[in-house]
Amino acid sequence: TRATDLVEDQFGVKVADPFRWLENDVRVDADVRRWVDAQNQITQDYLKTLPGRDVFAERLKSLFDFDRIGTPRKAGSRYFFSRNDGRRNQSVLMVQDGLTGTPRVLIDPNGWAKDGATALAEWHPSGDGRYLVYTVQDGGTDWRIVRVIDVETGAQMGDELRWVKFSNISWTKDNKGFFYSRFAEPDPNAAFQSLNTNQTVFYHQLGTSQAQDRQIYATPDRPLLGHSAQVTDDGQYVLITSSGGTDDRYELTVGSLERAGGVSKSIRFRSLVPGLSHNWELAGSVGSTFYFLTNKDAPRGRLVSMDVTKPGALSEIVPQSKATLVGTSLVGDRMILAYLGDARSEVEVRDLNGQPVSMVTLPSIGTAAGFGGKGGDSETFFTFSSFASPPTVYRFDTATGEMEAFFKPKLAFDPADYETSQEFYASKDGTRIPLYVIKRKGTPAGAPTILYGYGGFNISMTPSFSPTRIAWLEQGGVYAIANLRGGGEYGKEWHDAGRLARKQNVFDDFIAAGEYLIAAGISGAGKLAIEGRSNGGLLVGAVVNQRPDLFAAALPAVGVMDMLRFNRFTAGRYWVDDYGDPGKAEDFGVLKAYSPYHNIAAGKQYPAILVTTADTDDRVVPGHSFKYTAALQAADLGTKPRLIRIETRAGHGSGKPTDKIVSETADLWAFVAKWTGLSVRPIDATSQN
């Protein structure tokens, strides 16, 4: 790759950036496009030589071929849910009248683009179920196009909103319009790279143009704040939640709406919680009493109430417990509380005074998600999944405690063939770290293993199902997931222990996980690969630099690889909450010390590396992966391959069509199988249950 002699002085340190030209947008810069095409050609030529590639691709098609639905949402007498019969690139949106009604297709995005890369993203029915607002995601971008459909007839309403990103959408009680958040229209040549600032809340009335939308809430004097709007179930209030980054630290502002549930000409706002100091998540409201999940004076979370006519005074409803409170919702006249206990779901029901009513019995170790609903209606739905079992949808009644399966998928394999264990190991400083180990029963000791990690942004790694993972496991591989510091598994203190100046703890935790897998005989020397996406891609890049001897192969995906310039593009400026600000001397030193791009250790033997990214990723711009790959290929790191796979018309991950997922995963697993010594054999689908 063409290198330049660009060197900059940053806080007295000479920082070389020879491949900065690869930051340019591949859609605009012809030189970058030629580089991408050349890299893809080299990578595909290599991947074609791997014997397991076709085997994985064929089996993945079978594993994805099962009927599945998303968690239903109720609006009026109608139920809405996504569905994929296993043969579609994109899920369709279904609607049915009543619990026993016949489902029908409301929106099918599979005809929106020839390559299947235009997706139905978010969707929100009006309270009466008459209309539905939905968003279109093209080619994986974070930008959304917002449209409205008449549910009864399926007719488009003609409403179209643009330059919407990172937005909640919330209908008013009168069902005549909704609140949403948008940014100013960017320069056409910088739509996928320019910083996102001055997010503003608007109200859109059905049947009008976007130009007529009313600006509801903005903070031009604080352009780095983002804002989302949420209307209470009774339609009396709109709550504005403001944030300055990715950290769970919010300001709350509340406005009174018309008694009829509409929007008056002038909404009077008043501050509820200033200061960006703590997490505040609205669980529900009864009149002026709002219920919040918060970590104020409770690092693992508690449930409190506040009378919004008297801001500031809190009443504790459910105190902090040993487990981490990760979700709350008011359904009927009960509060559902979702906890993480050692990274597994626990769910209980309490009354509005905080008194225990019952526990929700879950099938096994896994993750329960959903539990949406509203006050006055005791019905809710949730999904439960584990590493080997895809989501089963349950209907739950908070008034009676009755739970019944609403939908259970049929599979191309038997989940009983697989087992999950939860191990605990000591990190470098002695901290006890959880580790999930998933394998097919009978898998021998010392098997080729993929270790996955994330470790950031208060995000918890909990049991979840993935057909891609099954394809690896049934070949005799092991898959392990480490619950690293920086995540949210044990609340605010666990998150804080892995961010800013403590980020090295995350890398130490991951390295220790790899050492444990080998020492315990689960994997073996030369048989351990690592994988991570986004912040996890940063993790993989950093630990490969620090311990290249430990790993046989590495899969850094859509990673943040240049820690000195991440905040200059799109959403990157939000991440200073977790990483720090490279423009500040005290943060610069920390970031420079582990930045994957700047710490490649020439002269050492590196593992085989397959970097993955996409040309439409406007979350972590692909320039991160481009520059990192160029630097790897320019250094003397031994004889193993260091390649990059660049997907076209795909983004950070969401909205990716099934055929692209199958193709990419087949390449990744074949690459890792080659370098960990996994013998890949055809799977006889007829022998699977």
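**Figure 1. The second largest pocket and its walls.** Welcome to the first close-up: the second largest pocket holds about 280 Å³ of space. Keep in mind throughout that this is a predicted model. Three elements each give two or more residues to the lining of this pocket: strand E9 (131-138), strand E10 (144-150) and strand E11 (156-164). In total, 15 residues line the second largest pocket. Which of them lie nearest its centre? They are Asp-138, Thr-141, Trp-143, Ile-145 and Phe-192. By kind, the lining has 6 nonpolar, 3 polar and 6 charged residues.

**Figure 2. Two charged residues, each over the face of a tryptophan.** Trp-143, one of the residues nearest the centre of the second largest pocket, appears again here. Lys-165 lies over the face of Trp-143, and the distance to the ring centre is 4.1 Å. What lies over the face of Trp-21? That place is taken by Arg-2, at 4.3 Å from the ring centre.

**Figure 3. The largest cavity.** The structure holds 5 cavities of 30 Å³ or more, and this view looks at the largest cavity, with a volume of about 60 Å³. You can trace its lining along the chain: Glu-23, Asn-24, Asp-25, Val-26 and Arg-27 are among the lining residues, and so are Phe-192 and Gln-193. Others in the lining include Asp-615, Asp-617, Val-621, Pro-622 and Phe-626. How do the residues of this lining divide? There are 5 nonpolar, 2 polar and 5 charged residues. Phe-192 may look familiar: Phe-192 is also among the residues nearest the centre of the second largest pocket.

**Figure 4. Two residues with a positive phi.** Start with Leu-276, found in strand E19 (residues 269-278). Leu-276 is not a glycine, yet its phi is positive, at about 50 degrees. Is Leu-276 buried or exposed? Its relative accessibility is 17%, so Leu-276 counts as buried. Now turn to Ser-534, which sits in the loop between strand E36 (528-533) and helix H6 (535-546). Ser-534 is another residue other than glycine with a positive phi, near 65 degrees. Buried means under 20% relative accessible area; Ser-534 has 14%, so this residue is buried.

**Figure 5. An edge-to-face pair of rings.** The structure holds 33 aromatic pairs. In one of them, the ring centres of Phe-413 and Tyr-418 are 6.0 Å apart and the planes stand at 80 degrees, so the pair is edge-to-face. Phe-413 is buried, because its relative accessibility is 3%. Tyr-418 counts as buried too, with a relative accessibility of 7%.

**Figure 6. A stacked pair that links distant parts of the chain.** Here Tyr-425 and Tyr-516 form a stacked aromatic pair, with 5.9 Å from centre to centre and 25 degrees between the planes. Where in the chain are the two partners? Tyr-425 belongs to strand E32 (residues 418-426) and Tyr-516 to helix H5 (residues 504-519), so the pair brings together residues that are 91 apart in the chain. Tyr-425 is buried, with a relative accessible area of 4%.

**Figure 7. A cluster of aromatic rings.** In this last view, ring pairs join several aromatic residues into a cluster. Which residues belong to the cluster? Look for Tyr-131, Trp-171, Phe-178, Tyr-180 and Phe-202.

How values were computed
Residues numbered from 1 in each chain as written. Predicted model: local features only at pLDDT ≥ 70, side-chain atom pairs only at ≥ 80, totals over all residues. Heavy atoms only, no water. 1 Å grid on protein atoms, 1.4 Å probe; cavity = no way out; pocket = protein on both sides within 12 Å on 5 of 7 lines; lining within 4 Å. Points joined across faces, edges and corners; volume = space filled by probe spheres on them. Helix = DSSP H or I, 4+ residues; strand = E, 2+ residues; numbered from the N terminus. Nonpolar A, V, L, I, M, F, W, Y, C, P; charged D, E, K, R; others polar. Buried < 20%, exposed > 50% of the residue type's maximum accessible area, 1.4 Å probe, protein only. Phe/Tyr/Trp six-rings, centres within 6.5 Å; stacked < 30°, edge-to-face > 60°. Lys NZ or Arg CZ within 6 Å of the ring centre and 35° of its normal.
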